[in-house]
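Okay, everyone has the viewer open, I hope. I'll put the model up and just talk through what I found in it.

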Amino acid sequence: MTLLSGPDGPAAEAGWGHEHERKGFFTDTSICIGCKACEVACKEWNRNPIDGNLEILGSSYDNTGELGANTWRHVAFVEQGQERIDQARESGRKLVSLGMPGIGPKSSGTRGALPAGDLSSTDRTPPDTPEFRWLMSSDVCKHCTNAGCLDVCPTGAIFRSEYGSVVVQQDVCNGCGTCVSACPFGVIERRDDGTISPFAHREEKDERMGTASKCTLCYDRLVDGEEPACSATCPTQSITFGDHDDLTADARSRVADLHERGMTEARLYGANPKDGVGGTGSVFLLLDEPEVYGLPPDPQVPTKSLPRTYARAGIAAAGMVAAVALSFLGSRR
Amino acid sequence: MSITDLDADRPPERGRRRRRRGGGRRRRGLHEMGMGDGSREGAVVEDIEVERADQFDSYYGRPVVKAPPWKGPIAIYLFLGGVAAGSSMLAFGAQCTERPALRRNARLTALGTVGLGTLALIEDLGRPERFLNMMRTVKVTSPMSLGTWIVGGFGTFSGVLGALEVDRMSGQRLPLGPLRPLLGAAEGPAALGQVVLAPVLASYTGALLGNTVVPTWEAGRGHLSYLFVSSASLAAGGAAMVTSPVAETGPARLLATAGVVGDVVSMHRMKESMHPLEAEPLETGRPGTMLTWAERLAIVGGIGTVLGGRNRWIAAASGAALLASSALTRFGVLHAGLESVKDPRRVIEPQKERLAARRAAGISDDSITTVG
Amino acid sequence: MAVMARITFLDWPVLRQLRGADPTGRGTAVTSARTRGTAPRTVEADGVAESVCPYCAVGCGQRVFHKDGRVIQIEGNPNSPVSRGRLCPKGAASQQLANSHLRQTKVRYRRPYGTQWEDLELDVAMDMIADRFIASRRKHWEDEDEQGRPLRRTMGIASLGGATIDNEENYLIKKFFTAAGAIQMENQARI
Amino acid sequence: MQDFANADLIVIEGSNMAEAHPVAFQWVIEAKKRGARVIHVDPRFTRTSANADRHIPIRSGTDIVLLGGVIRHVLENELFFKEYVQAYTNASTIISEQFGDPEDLDGLFSGYDPESGTYDNGTWAYAGDADSLARGLPERDETLQHPRTVFQILKRHYARYTPQMVQDTCGISPEDFEHLATAIAENSGRQRTTMFAYALGWTQHQGGAQMIRTSGILQLLMGNMGRPGGGIMALRGHATIQGSTDIPTLYHILPGYLPMPKVGQDDFAEFTRAIGTKEQKGFWANADIYTINLLKAWWGEHATAENDWGYHHLPKLTGAHGTYQTTMRMLEGGVDGFFLFGQNPAVGSANGRLQRLGMANLEWMVVRDFYMTESATWWRDGPEIESGELTPEQIATEMFFLPAANHTEKAGSFTQTQRMVQWRDQAVTPPDDARSDLQFMYELGCRIREKLKDSTDPRDRAILELTWDYPVDEHGEPDAEAVLAEINGRHLSGEKAGQPLSAFAEMKADGSTDGGCWIYTGVYADGINQARRRTPGQEQDEMAADWGWAWPANRRILYNRASADPQGRPWSERKKLVWWDEEAGSWTGHDVPDFPLTKRPDDPGDPSQGGAAALAGTDAFTMQADGRGWLFAPTGMVDGPLPTHYESPESNIRNPLYAQQSNPTRVTFQDEDNLSSPGAMGPGGEIYPYVFTTYRITEHHTAGGMSRFLPYLSELQPEMYCEVSPELAAEVGLEPYGWATIISARSAIEAKVLVTERMKPLQVGERTVHQIGLPFHWGQGTEAIVRGDGANDLIGMNLDANTQIQNSKNNSCALLPGRRPRGPERGRLVEAYRRRAGLIPSEDPAVDGAAGAPGAGPADGTVPHEVRGPEEASAVPSGERSMKEMKNR
């Protein structure tokens, strides 16, 4: 019995066979305009409550704060100056020199009818607006290959769908909250409050109250052949939905393209199946270190070390048995 | 800056209200309210201001991972589960070594604590009426799932044994009817089952907390089970010292003493193994205070047990101290964990360090961040 | 427990774990009956109307799903060559625009110097407005200017329209107001 | 919209496109992916800047200097598209000898009348004899050397708009200027095109129409008009704001940009000749036909040749009757009744206080909306109630709130920003008392007609004779398609009687056809609702001609004749759009050609006939009386034929170019609550040292009536805020995310403080200019989910004379840390500042501080409640420019 998902991919390992391609998102933050349509479309489709006290949160234009029980798409806003941009460019460049899977052959295929000037390898002049930048990025559940929340769920409320996504069955979940502590990205959360309409109809009952809640990759749309609400609405297609393999390939070529244009700050997040969660179903193109966006730099699914943890628990149990036995042996009357 | 005399008529600034959700989680501290440059913020965690570290990046100081929605009842469960586990083992020993009072009291303690503990566990669910959904599956990847089955089994055996003891105490006046012989026949198997499950019950909670990404628990992954069985031992010993006559509590005192030693040692070793940022919540704030007192009470209780354990009053007092120590340990560890998520540095710094260490060691193909 | 009761013994996930391809209980073994019957709410719609977003002037296509006389979902129309199915947050919130609990669907009336809103029949309200229109039109009627040149207009009535009223509506308003001589007719277009 | 993707350079100026038009921005991203450059010129670094290749911060209101600088750059360095300019613009046209330029008159054009504050544009005319001029054949010098050619005048006019002047006026570094100018020069010509996009960042200035003109001149010089990926994209802000100017609910025009008659125009022929003469070139020559068809549509059989087609039923204008003039009239008690159709002036119009006081002075008003907006509830929870100035018991206004049907509850058409008419199908019926405006207006009309049916008063004839009979459904909702059919027009007699017209060319002057809006003729061609055509975009080319219907004649790019060279060949293969097909003997291409189909490129035109026949084969600008794109606008603009920089009236900077400080034709209203800072023209200007500019953000819509009542939008931007630079925050002592009070000469509001490097102080000469950003979506009330002070309360009713649109983008204010005072103290704070600025000296109240100052508008403070600038501005349809001008929202 494997604790972690094997080479057949997460859906196959969860009993689904190979009928469906694994689906996912590619979020290209370099073309995000921070409009938050994804947040709204998500809430509209899923009828999720609003978040917060209707007060400015103090984080640029971000007033929903973070992913949580009610907000399944969250747009981060980060304002940065020159020094930080240089650092980001440098750290991106370093990733290349680390000898990681390198950038593929240079291609300018996406350039359209006219070549936009010669961008040969020597010309690494970074693009304009170098003094300041405003990063925007739409975050979402990662739908990990090895999903902590799914692994620790005691009720089977969380399951791996045939699309490889990780979905909570809100009719099953009893709100134990274990999954919340097992998500390395801080995505899943128990819905303990929230209302869609702040003034009217406060009594309106949300039948999903008290259960764990997060992005379902719009499972209830995928079964009908529709794409998720957020990617469908994204004006600039910063969010795209599709087969995971295709998206990862797109992501790689996009990052190569940006590097070629001198934007060495570009990097992918979640596209490496060898990482601590086995790669993510939602892949991101970031323009700075992950932590700048509130993402963990080296997430590890807890299940990875579970055998060792269990072994420790076993030894401890054995030790307790021994201690009790010795106590009785040591206090013979 | 006062420009007109009318300034005096302005209403006072509203205090910054906290966000409704997330309980006491604070969305921003003073530093984060800087320039909106989210990339470069010192973090302010509740009540403790951490100085601004220039090397540190986070998103407005907001947490990276979330704490589980666990509150007091979970700490109570951890505590009571430990007492139940230890008590049942004492009861089994007492049964084998014919210490009837200890056996009876320990069995009743086990039943009472496991029962209350289970109620506490249910109480903490978001949808308590769906408690039985825990029994839908058996998931090896879920300590909570396995734990549920352990508690379920242990509770059942405890029920049988507890019923027997009550029946005996009441001079077989329980309206058991034809069940009485069955119950009697079940005593052996039930006691055996109970004692098999007990140590696992005491130790699995370490895996439950350890198998998370909550920084302090995650870092304590390798030690929490040791700490918890020790705490269970000293608490169960303490409980026996409170409930049972000194004549029969010799093993309990020994177990308690061993527990104290294990408790103190494993806590220290756990902290030593941690990144300073991960250990910090165990040493500071309310959890730190609780854990300091837990240690003090354990030592006091331990000394009392060793030196005055044969005196009924000193034994009882020491037992009470040990029980309190165990409860504080559980509360302390729980809250230290909950506290540890509030500062994103506790997640980011150790992760960056381990990533850097792997890279330094030549492993560079397992990063979540790539360029191709 | 209601949920447990509905599950037949053979449907018990533990047994499905043992029987099936999902021994770790992380996929097919643990799905509930409701999950297996998942369908989007849009399939239950009585119909889909093709519409246009009412916010800015880009003119994004919308598909309006409705059921039992109520809008249940509004999405971008992928066929639109302008918007290609995409919507901004406002467009994406248009279902709420229609169904927000704050929406006012009854006539409200406030009498002069009144301190509260009152109820009023729509029919009565329309009649009152028609009377007032006629009276105010007469009261401020101007046949000619001070030089005796024809004006044929009234200054007693004004209107200000948003720019989310249809071309056909604008046309009728312009037509009637102009015929009535009410020239003070304005629109968001000048703001 | 899709045409953005064809551009090689996109200059977004005066628009925050990514935030205000996110879905359209996909085409900008598309263009970027195809290799285009995007430059954003804006006072603030916005979400648009974040996705541009370069952001150039500019001092608000100085766009004419920046673009004038680029014009100078391309003229001096001969970088303009010479062939295009010679063939398609009026560069070679010679201007009247009497013309005087601001260069000679220190900021004024010839023909200025200081008494009225208006221009007589007679001296701006083309040179030539009257008959030739009438036929669109002025004197020309094709070598462009004659000193009075438009080309030479233009050169002289912008000679001092140097990079140094740009720096000293706009606060833009020579490097940034160089970048912009070079990018535009490099991305124009045969092979490449540049597109401009603007929005209210240009229109909401006193002089905003001229900002748009500046980009028009530049685009003509660079040969970017009428070509793919070129032109000027007006990004309008409301679903059918284009439609509501085409088929206007505006005082100054009739459907199809026909002007409203003015007092004294008692003769029908005289009226139509003022619009367009039969001899003149282009399509305005048929203005009489368009008018007759409109009158036939309205008064049917009662409109006959004998009674001038019912022309005398039309009311006459005596001046501007815009929304702000109406507000003043309300304050004077001259208006009894007021209808609001989904509009929220208490929050959305300039000087919210005067708006509310005006409404408090009515006898009755009707609010038709979805929600209880601030304009429905001001009498119980408005700021004047909070301050204690008014109580409901004192307010006589009788209020009717009638719930409106929303866009899913009625069928009808919207015209989007690119003139494309799109039909909406009805999904559901409106709930309870909610009704469409169509039904409301129709039923109100029926009731009024019923009540007047026995009237013999000649005043009522226009109402009683009106064609007012539309089929209704079982809920009483009129059939919107029947209305659209009337707008389209139909044959009234002959063999086609009853059939819809298919093009405005079919309209007749003899009463045998009708049509409510000539430019929309064709939208119901063949009895088919063309606006409802929905061939999926995926199945069409980028032009998508089979989706909806664009006026005129389903043409997607106006003046597309100019996409071909004078000989009719595409300028380049890459920028091919419309060309002459010699074999077929007609124009053809990807779009509907904007030219008489079979007129050869070498056709000299027939000046003896008017209209389309008079056009030469190279007269690409078919709506212009001379067939040319106007670098120099002899008519149509009330404040000058060439864009000229003036400072905003409240600006604390002296005009670096001329002694004339501010636009001499600007319109203002005298009221104790409509005062202005004297700016640089008086000592009091320093009391209001900072510039504030208002704007829209993605998460909200206009005055909030369609967003602040929606939870999902409210949570995204829950509070009113101001954006300030770190430098300004330090100067004033503002705490990040604390509160600030912003005080203008009109009002004081409070806002949360966003301290951000996105706001950059600009060095302008000796002065550091701090600009403050204020979104205008919030309003004080109790019904919306999120509420706050309204930025429009700070703004005065000070208008552009061309458009009568207020200046929202460049006003002055003071800034204090902390919240504003409550109750009556708020008013006292405003007053204290006014007093310090000398706006209300004790003995001489209500005098604009700018009055009498050198170079200031001459009549400031002397004309009570009146406007300067004649209303005929946008009422005269002079072709290309005026079409564009209509788009200034």
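So let's begin at D:Gly388, which sits in the loop between helix H20 (383-386) and strand S12 (398-403) of chain D. Keep in mind throughout that this is a predicted model. Is that glycine buried, exposed or partly exposed? D:Gly388 comes out as partly exposed, with a relative accessible area of 48%. For a sense of scale, take D:Gly388 and D:Ala209: they are 179 residues apart in sequence, and from C-alpha to C-alpha you travel 40 Å in space.

Okay, zoom out to the whole of chain D. How many helices and strands does the chain have? The secondary structure gives 28 helices and 29 strands. Its radius of gyration is 27 Å, close to the 29 Å that the globule rule gives for 889 residues, so chain D is as compact as a globular protein of that length. If you prefer box dimensions, the C-alpha trace spans about 75 × 70 × 55 Å along its principal axes.

What share of chain D is buried? Of the 889 residues, 72% are buried. By coincidence you'll hear that percentage again: looking at contacts in chain D with a separation of 6 or more, 72% are between residues 24 or more positions apart. On the surface side, chain D exposes about 23900 Å², and carbon and sulfur atoms supply 48% of that. For the electrostatics people, there are 82 positive and 120 negative charges in chain D, and their mean positions are 3 Å apart.

Now put chain C next to that. Chain C has 7 helices and 8 strands. What is its radius of gyration? Chain C has 29 Å, whereas a compact globule of 191 residues would be near 16 Å. The principal-axis spans of the C-alpha trace in chain C are about 100 × 45 × 25 Å. Buried residues still make up 68% of the 191 residues. For contacts in chain C with a separation of 6 or more, residues 24 or more positions apart account for 32%. The exposed area of chain C is about 6600 Å², with carbon and sulfur atoms supplying 51%. Chain C carries 28 positive and 22 negative side chains, and the centres of those two sets lie 9 Å apart.

Where do these two chains come together? One place to look is helix H23 (residues 480-488) of chain D. There, 8 of the 9 residues are buried, so the helix is largely enclosed by the rest of the structure. Among the buried ones are D:Val483, D:Leu484 and D:Ile487, and D:Glu486 is on that list too. What do the buried residues of H23(D) pack against? From chain C, they pack against helix H7 (167-180). From chain D, their partners include helix H15 (287-299), helix H21 (437-451) and strand S15 (490-491).

Right, salt bridges. As a reminder, side chains of opposite charge can pair when their charged atoms come close. Over all chains, the count is 113 salt bridges. I picked out a few.

One is in chain A, between A:Glu265 and A:Arg89, with the closest N and O atoms 3.0 Å apart. A:Glu265 is in the loop between helix H8 (244-260) and strand S9 (267-269) and A:Arg89 is in helix H3 (residues 82-97), so the pair ties together parts of chain A that are 176 residues apart in sequence. A:Glu265 counts as buried at 3% relative accessibility, and A:Arg89 does at 9%.

Back in chain D, D:Glu647 pairs with D:Arg59, the closest N and O atoms being 2.7 Å apart. How far apart are they along the chain? They are 588 residues apart, each in a loop, so to speak of one pair here is to link distant parts of the chain. Both D:Glu647 and D:Arg59 are buried.

Then there's D:Asp789 with D:Arg820, at 2.6 Å between the closest N and O atoms. Both residues lie in loops, and the pair ties together parts 31 residues apart in sequence. D:Asp789 is buried at 4% relative accessible area, and D:Arg820 at 1%.

Last one: which residues are linked in a network of salt bridges? The members are D:Arg353, D:Arg356, D:Glu384, D:Glu389, D:Asp673, D:Asp793 and D:Arg834. That's my tour, thanks.

Definitions and conventions. Residues are numbered from 1 along each chain as its sequence is written. Chains are lettered from A and ligands numbered from 1 in the order in which they are written. This is a predicted model: local features need pLDDT of at least 70, side-chain atom pairs count only at pLDDT 80 or more; totals for chains, interfaces and linings use all residues. Side-chain values use heavy atoms; hydrogens and water are left out. Helices (H or I, at least four residues) and strands (E, at least two) are DSSP runs, numbered from the N terminus. The radius of gyration is taken over C-alpha atoms; the globule rule is 2.2 Å times the number of residues to the power 0.38. Buried means under 20% relative accessible area, exposed over 50%, partly exposed in between (1.4 Å probe, protein chains only). Contact means heavy atoms within 4.5 Å. Accessible areas come from the Shrake-Rupley method with a 1.4 Å probe; for residues, only the protein chains shown count as cover. Lys and Arg count as positive and Asp and Glu as negative; His and the chain ends are not counted. The place of a charge is taken as NZ of Lys, CZ of Arg, CG of Asp or CD of Glu. A salt bridge is a side-chain nitrogen of Lys or Arg within 4 Å of a carboxyl oxygen of Asp or Glu.
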